[in-house]
Amino acid sequence: MSTASPSAAFPYRLIATDLDGTLLRSDESVSRRTRDALAAATQAGAAHIVVTGRAVPWTRHILDDLGYHGLAVCGQGAQVYDAGEHRLLTSVTLDRQLAGVALAKIEAEVGPLYLAASRDGLEGDVIAGPGYTLTGNLPATPFTDVADLWAAPLNKIYIQHPELSDDALAEAARLAAGGFVNVAMAGAGIVELLPLGLSKATGLSLAARRLGLKAADTIAFGDMPNDVPMFGWAAHSVAMANAHEELKAVADEVTSSNEEDGIAVVLERLLG
């Protein structure tokens, strides 16, 4: 990964891309056009950092398939991962006592929740309780005893509600427990409780610092409300055409969808 000054043809030294709904198409592949555009931008002196809500165990296979050897920000900012060396550089865990209080406060307002959690570490699995619906084909271990939720260090807790929409659940969670945890809406059926103060911007700033780069050097791409902090941090922000309206409202520009090579469209324009 290069961190040299970019050529006059490319104005940013750092490209930050979300994965799902942004870099990845719906089949979890990355198009040849997007791969080529990223390669051209890195050859022009920019570094590329993947910034995803997925924890490392759900991200590693994608990075390996891409031949990606740089830094990745995983777990909604909780983990900075060196993909080339397959090791965690930083990892932030959720205070389980505060998380328990947060869950109790949320359930007191909206009723019982369906729960899942992402355990910390390179091999940390995702555990899912009764009623929780996982998106896609990502692996998870079922649990029935709620005590299992707290049995090991966690990066995040996932919550679902039998009736509320994702947006409504996220808003209710913030109102009830925003003083104990951060709440992120990361996609369909994905509302997360995170360590207080943690966001993609937190992890990205740490990773950028390791490369000697800063916010003013950065262009960021995303599609969901969990990308809002990253957009606020970066010098220039680009929402995909398929993005949530909340993200489009704060983006500097909107590009084509993830299925239509939206990242490549912008990078090719900047490369001239």
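## Charge

In this predicted model, the chain carries 19 positive and 33 negative side chains. The centres of the two sets are 7 Å apart.

## Overall form and surface

Nine helices and 14 strands make up the secondary structure of the chain. Its radius of gyration is 18 Å, close to the 19 Å that the globule rule gives for 272 residues, so the chain is as compact as a globular protein of that length. The C-alpha trace spans about 55 × 35 × 30 Å along its principal axes.

Of the 272 residues, 54% are buried. The chain exposes about 11,000 Å², and carbon and sulfur atoms supply 51% of this area. Among contacts with a separation of 6 or more, 59% are between residues 24 or more positions apart.

## The nonpolar cores

The largest nonpolar core has 51 residues. Within this core, the residues that touch the most other members are Phe 10, Ile 15, Ile 49, Ile 219, Phe 221 and Leu 267. Helix H9, residues 262-271, gives the most to this core, with five residues. There is also a second, separate core of 27 residues, and its members include Leu 103, Val 110, Leu 149 and Ile 157.

Ile 15 can serve as an example from the largest core. Leaving aside neighbours within four places in sequence, Ile 15 is in contact with residues including Phe 10, Ile 49, Ile 219, Phe 221 and Leu 267. Its other contacts include Leu 38, Ala 41, Ala 46, Ala 47 and His 48.

## Helix H9 and the end of the chain

In H9, the buried residues are Gly 262, Ile 263, Ala 264, Val 266, Leu 267 and Leu 270. On the strand side, the buried residues of H9 pack against S1 (14-17), S12 (218-222), S13 and S14 (253-254). They also pack against two helices, H1 (19-23) and H2 (32-43). Just after H9, Gly 272 has a positive phi of about 75°.

## Ser 237 in strand S13

Strand S13 covers residues 236-239 and contains Ser 237. With a relative accessibility of 1%, Ser 237 counts as buried because the cut-off for burial is under 20%. Not counting residues up to four places away in sequence, Ser 237 touches Ala 220, Phe 231, Val 250, Ala 251, Asp 252 and Glu 253.

## Helix H3

Helix H3 runs over residues 56-66. Its buried residues are Val 56, Trp 58, Thr 59, Arg 60, Ile 62 and Leu 63. Gly 67, just after H3, takes a positive phi of about 70°.

## The loop between S3 and S4

Gly 75 and Gln 76 belong to the loop between strands S3 and S4. The strands on either side are S3 at 71-74 and S4 at 79-82. Gly 75 is buried, with a relative accessible area of 0%. Gln 76 also counts as buried, at 1% relative accessibility. Phi of Gln 76 is near 65°, a positive value in a residue other than glycine.

Not counting residues up to four places away in sequence, Gly 75 touches Thr 52, Gly 53, Arg 54, Ala 55, Lys 156 and Leu 198. Gly 75 and Val 191 are 116 residues apart in sequence, and their C-alpha atoms are 13 Å apart in space.

## Two partly exposed loop residues

His 86 lies in the loop between S4 and strand S5, which covers 87-91. Although His 86 is not a glycine, its phi is positive, at about 50°. The relative accessibility of His 86 is 39%, so this residue counts as partly exposed.

Val 146 is in the loop between strand S8 (141-142) and strand S9 (154-160). At 47% relative accessibility, Val 146 counts as partly exposed, because only values over 50% count as exposed. Val 146 and Pro 162 are 16 residues apart along the chain, and their C-alpha atoms are separated by 18 Å.

Technical notes. Residues numbered from 1 in each chain as written. Predicted model: local features only at pLDDT ≥ 70, side-chain atom pairs only at ≥ 80, totals over all residues. Heavy atoms only, no water. Helix = DSSP H or I, 4+ residues; strand = E, 2+ residues; numbered from the N terminus. Rg over C-alpha atoms; globule rule 2.2 N^0.38 Å. Buried < 20%, exposed > 50% of the residue type's maximum accessible area, 1.4 Å probe, protein only. Contact = heavy atoms within 4.5 Å. Areas by Shrake-Rupley, 256 points an atom, 1.4 Å probe, with all protein chains shown as cover. Lys, Arg positive; Asp, Glu negative; His and termini not counted. Charge placed at Lys NZ, Arg CZ, Asp CG, Glu CD. Core = buried A, V, L, I, M, F, W, Y, C linked by side-chain atoms within 4.5 Å.
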